[in-house]
Amino acid sequence: MINKVIRSQLPCDVFINHRGNDTKRTIASLLYDHLTRLRINSFLDNKNMKPGDKLFDKIDSAINECKIGVAVFSPRYCDSYFCLHELALFVESKKKLIPIFCDVKPSELRVSKSNNIQLESKEIERFNFALEEAKHTVGLDFDSNKGNWSDVVTKATDVVIESLIEIEEAQIIKNPKKLIIP
């Protein structure tokens, strides 16, 4: 229990952005559990938040502190203000984003006034810009009717690990004096 409390207070390495109704009990939780078993500190809302936490404060803070994001796109992703807000924060922060297109094609992702959420024109523009950036980023495609959950989680984990290593190596090159050799 103490380890869980301590881990939940550490900045996360990976933030998992997803539409809860579509993917929380499948790919999002499976990926979170797999990364956690590998001791990669990850953020998934239902695993890291507790009653009393301020939703936007906790989520925005986790995104600002994380190293990379995984966006799990699903058929109703664009109907969630939270998903779109999180994605926009990632794009605006210029952090590495790994898209997983789960049961949806990138070309199907679009925000408009016809979505099931009320948005101002400025928000629609901001969210569509973030979606366009994600759609033009190489990602993983997964069809849950044909694919194997274990395979996509393993593949996503491999990409996350490679990305974290690249970030660490870039930081060492950028700040070689911070390298401590035991």
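1. A good place to start is the second largest pocket: 16 residues line it, and His-18, Gly-20, Asp-45, Phe-82 and Glu-86 are the ones nearest its centre. Here a pocket is, on a 1 Å grid over the protein atoms alone, an open set of points where a 1.4 Å probe fits, with protein on both sides within 12 Å along at least five of seven lines, and lining residues have an atom within 4 Å of a point.

2. Please keep in mind that this is a predicted model, where local features need pLDDT of at least 70 and side-chain atom pairs count only at pLDDT 80 or more, while totals for chains, interfaces and linings use all residues. Residues are numbered from 1 along each chain as its sequence is written, and side-chain values use heavy atoms, without hydrogens and water.

3. Back to the pocket: strand 1 (14-18), helix 2 (20-37), helix 4 (55-65) and helix 5 each give two or more residues to the lining. Strand 1 gives the most, with four. Helices (H or I, at least four residues) and strands (E, at least two) are DSSP runs, numbered from the N terminus.

4. Helix 5 (residues 81-93) also packs on helix 6 (residues 121-135), at an angle of about 65 degrees and with the axes 9 Å apart. Axes are lines fitted to C-alpha atoms over the stretch in contact, and angles run from 0 to 180 degrees between N-to-C directions. The two helices are therefore roughly perpendicular, a term for angles of 65 to 115 degrees.

5. Contacts (heavy atoms within 4.5 Å) involve residues including Tyr-81, Leu-84 and His-85 in helix 5, and Glu-123, Arg-126 and Phe-127 in helix 6.

Methods
Angles under 35 degrees count as roughly parallel, over 145 as roughly antiparallel, 65 to 115 as roughly perpendicular and the rest as oblique.
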